[in-house]
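I opened a notebook for this structure and wrote down what I looked up, in the order I looked it up.

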Amino acid sequence: MAAPSETERLLGRGPGYGTTESPAVAEEEELRRRLKYFFMSPCDKYRARGRRPVKLGLQLAKILLVTVQLILFGLSNQMVVTFKEENTIAFKHLFLKDYVDGADDTYAVYTQRDLYDRMFYAMEKYLAIPNETVGRYAYVRGESGGNQSALMLCQQYYRKGRIDPANDTFNIDPKIVTDCLGVDPEDPQPLPPELDRSYKNFTLKFHKLINVTIQFKLKAINIQTIINNEIPDCYTFTITITFDNKAHSGRVKIRLDNRADIKECKDPSVFGRGDNSFRLFFDVVVILVCSLSFILCARSIIRGVMLQHEFSQFFQRRYNQSVCLSDRMEFLNGWYILLVISDVLTVLGTIMKIGIESKNFASYDVCSILLGTSTLLVWVGVIRYLTFFQKYNILIVTLRVALPNVIRFCCCVAVIYLGYCFCGWIVLGPYHVKFRSLSMVSECLFSLINGDDMFVTFAEMQQNSYLVWLFSQIYLYTFISLFIYMVLSLFIALITGSYETIKHQCEGETPVSQLHAYIAQCKDSPKSGKYRRDSASSCSVFCCCERAPLQDNALLVN
């Protein structure tokens with residue numbers, strides 16, 4: 001019996017045509033539609049189901065909120081940093097005799113008399129603070145019930161030390177001994193320095209002296225925060241003046257360190273100023289928006305993983321083939337992971353910001369890192385939506401394609417770079433100020449790669465040793481020639497090559513992966529109505545309700 005023609009099969013009443021598809025074909029078509037919908041742009045998803053791009057709108061709102069929050073915190077943090085820096089400069093001019101701005105590296109003494117003079121000068125100025133300083137400072141008394149004084153003058157020295165350069169002999173016990181003297185300002189006003197000179201009997205053991213420290217605390221209030229409608233902060237400055245003689249080189253370096261502790265003032269009263277309820281409300285809104293963004297992005301990631309697992313199982317069962325790793329990674333959206341990380345950092349930073357403004361925390365640096373990093377990731381996450389436009393997408397694809405080769409190239413170059421770092425540090429360190437430490441060597445070499453300070457690096461090389469000077473010339477010329485003319489050129493060539501490859505692919509026939517070739521077999525357009533949910537589905541908290549009419553043969557798409 002002859003087989004029926006194609007026309008007879010189409011017009012007949014067989015089970016293959018005109019009535020319903022086989023379960024396997026229907027399952028495969030449904031899976032293709034779900035895959036195609038998963039990789040659609042927000043606009044196409046709106047055309048397919050009538051859902052508005054909620055995550056896109058939420059991300060744009062989050063960018064605005066997070067940026068405004070960062071600016072407000074930055075202005076507040078700027079006043080904190082400025083107040084601390086200006087007080088540190090004031091303390092240096094108050095307590096360091098003959099101090100000049102910018103002379104921190106060269107400020108030192110070379111005689112015993114000058115050391116005593118600088119030491120007693122700092123203590124006299126401390127006792128005269130209420131009568132001399134322009135700023136309003138208050139002493140911090142010693143611990144109640146303890147023997148800690150307001151000011152501690154301490155010297156550290158070796159327990160036993162005898163050095164005789166004439167006979168080339170020495171006898172040193174390296175155990176360190178600390179000898180301290182406490183000084184307290186009188187209450188209510190300190191005694192004039194000429195009436196209280198007990199600290200001037202403090203004798204230094206120069207032959208075995210390591211360092212001398214003067215440590216005390218002062219209180220101050222930063223009232224300039226009223227400008228930003230903030231309650232002024234109360235500061236406790238811990239000032240430490242160090243006379244460093246550990247090198248025993250005849251040069252005693254002097255430095256002043258200032259550490260600020262911030263706490264809430266007692267019974268603050270600012271006339272005509274309100275509270276920080278608006279800032280608190282704004283921070284709560286940021287937390288809620290970021291939490292909602294976290295839930296939506298995490299849900300999308302979970303759905304992508306579930307769809308990938310379902311597709312892999314179906315492909316294995318139907319075609320007896322496994323899906324390659326690159327196709328499986330297509331389901332794991334890196335932009336959503338980026339946004340999830342930014343949401344977590346924003347929530348943590350905002351909670352810490354609320355604690356700082358309520359004076360429960362003072363970790364401005366940690367909060368700045370959290371908020372700054374989260375804002376960076378939020379703005380970078382916008383690139384995802386630019387990839388739906390062809391002109392912008394080619395740039396993003398170029399970076400993605402070139403990244404593996406760039407990482408491998410950088411790993412190879414890092415070996416050479418570290419070799420130059422170690423070599424320059426050990427050979428040129430004693431003769432060049434830019435090679436004194438490994439971090440300074442790395443900074444100097446990186447600047448040379450970018451063409452910065454080339455002549456200065458050559459000119460500052462000391463010529464005490466002709467052999468080392470000759471080595472430095474060979475070292476610098478080979479490094480600059482190798483990294484500028486070869487390494488940078490190859491680095492740029494890698495990115496340029498990837499861009500040209502992507503550009504030619506866009507102009508010609510683009511290679512399609514196994515996954516996208518499978519999806520391309522689905523010819524249903526977003527406006528076909530076959531992507532809409534069944535009428536039994538209801539509106540969820542995170543999804544918009546469909547407004548388009550439902551069809552009887554609609555498919556359920558996760």
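**Entry 1. Asp117 and its partners.** The model is a predicted one. I started at Asp117, which is partly exposed because its relative accessible area is 30%, between the limits of 20% and 50%. I looked for a charged partner and found Lys97, which forms a salt bridge with Asp117 with 2.6 Å between the closest N and O atoms. Lys97 sits in the loop between H4 and E1 while Asp117 belongs to helix H5, so the pair ties together parts 20 residues apart in sequence. Lys97 has a relative accessible area of 24%, so I noted it as partly exposed too. I then followed the charges further and found a network of salt bridges that links Lys97, Asp117 and Arg118.

**Entry 2. Other salt bridges.** How many salt bridges are there by this rule? I noted a count of 10. One that I looked up joins Asp104 to Lys92, with the closest N and O atoms 2.7 Å apart. Asp104 is in the loop between H4 and E1 and Lys92 is in helix H4, so I took down a separation of 12 residues for a pair that links distant parts of the chain. Is Lys92 buried or exposed? Lys92 counts as buried because its relative accessibility is 14%, and the limit for buried is under 20%. Its partner Asp104 is partly exposed, at 38%.

I also looked up Arg259, which forms a salt bridge with Asp261 at 3.0 Å between the closest N and O atoms. Arg259 is partly exposed, with a relative accessible area of 44%. Asp261 is partly exposed as well, at 32%.

**Entry 3. A lysine with no accessible area.** I turned to Lys62, which lies in helix H4. Lys62 has a relative accessible area of 0%, so I entered it as buried. Which residues is Lys62 in contact with, leaving aside its neighbours within four places in sequence? I listed Val289, Cys290, Ser293, Leu339, Ser342, Asp343 and Val378.

**Entry 4. The nonpolar cores.** Nonpolar side chains tend to be buried together in soluble globular proteins. I looked for such groups here. The largest nonpolar core has 44 residues, and Phe95, Tyr126, Ile214, Phe216, Leu218, Ile241 and Phe243 have the most contacts inside it. The elements that each supply at least two residues of this core are helices H4 (54–95), H5 (112–127) and H10 (364–381), together with strands E3 (151–164), E5 (209–222), E6 (233–244) and E7 (252–264). Which element gives the most to this core? I found that H5 does, with 7 residues.

I took a closer look at Phe95. Not counting residues up to four places away in sequence, Phe95 touches Tyr121, Ala122, Lys125, Tyr126, Ile129, Phe216, Leu218, Ile241 and Leu256. Apart from the core described above lies another, of 21 residues, and I noted Phe409, Cys421, Tyr475 and Ile480 among them.

**Entry 5. A nonpolar patch on the surface.** I next looked for nonpolar residues on the surface. Val305, Leu325, Met329, Leu332, Ile337 and Ile341 make a nonpolar surface patch of about 490 Å². Helix H8 (325–329) and helix H9 (334–357) are the elements that give two or more residues to the patch. I checked Ile337, which lies in helix H9. Ile337 is partly exposed because its relative accessible area is 33%.

**Entry 6. Positive phi.** I looked up two backbone angles. Asp98 is not a glycine, yet has a positive phi of about 60°. Asp98 is in the loop between H4 and strand E1 (108–109). Its relative accessible area is 58%, so I put Asp98 down as exposed. His248 is not a glycine either, and has a positive phi of about 50°. I placed His248 in the loop between E6 and E7. His248 counts as partly exposed because its relative accessibility is 32%.

**Entry 7. Confidence.** I ended with the pLDDT. The chain has a mean pLDDT of 79, and 81% of its residues reach 70 or more. Over residues 6–19 the pLDDT is below 50, and this stretch has 7 contacts in the model beyond near neighbours in sequence. Over residues 535–558 the pLDDT stays under 50, and here I noted 44 contacts beyond four places in sequence. Where pLDDT is low, the predicted coordinates should not be read in detail.

Terms used: Residues numbered from 1 in each chain as written. Predicted model: local features only at pLDDT ≥ 70, side-chain atom pairs only at ≥ 80, totals over all residues. Heavy atoms only, no water. Core = buried A, V, L, I, M, F, W, Y, C linked by side-chain atoms within 4.5 Å. Buried < 20%, exposed > 50% of the residue type's maximum accessible area, 1.4 Å probe, protein only. Helix = DSSP H or I, 4+ residues; strand = E, 2+ residues; numbered from the N terminus. Contact = heavy atoms within 4.5 Å. Patch = residues over 30% accessible without salt bridge, like charges linked within 9 Å, V, L, I, M, F, W, Y side chains within 5 Å. Areas by Shrake-Rupley, 256 points an atom, 1.4 Å probe, with all protein chains shown as cover. Salt bridge = Lys/Arg side-chain N within 4 Å of Asp/Glu carboxyl O. pLDDT = per-residue confidence, 0-100.
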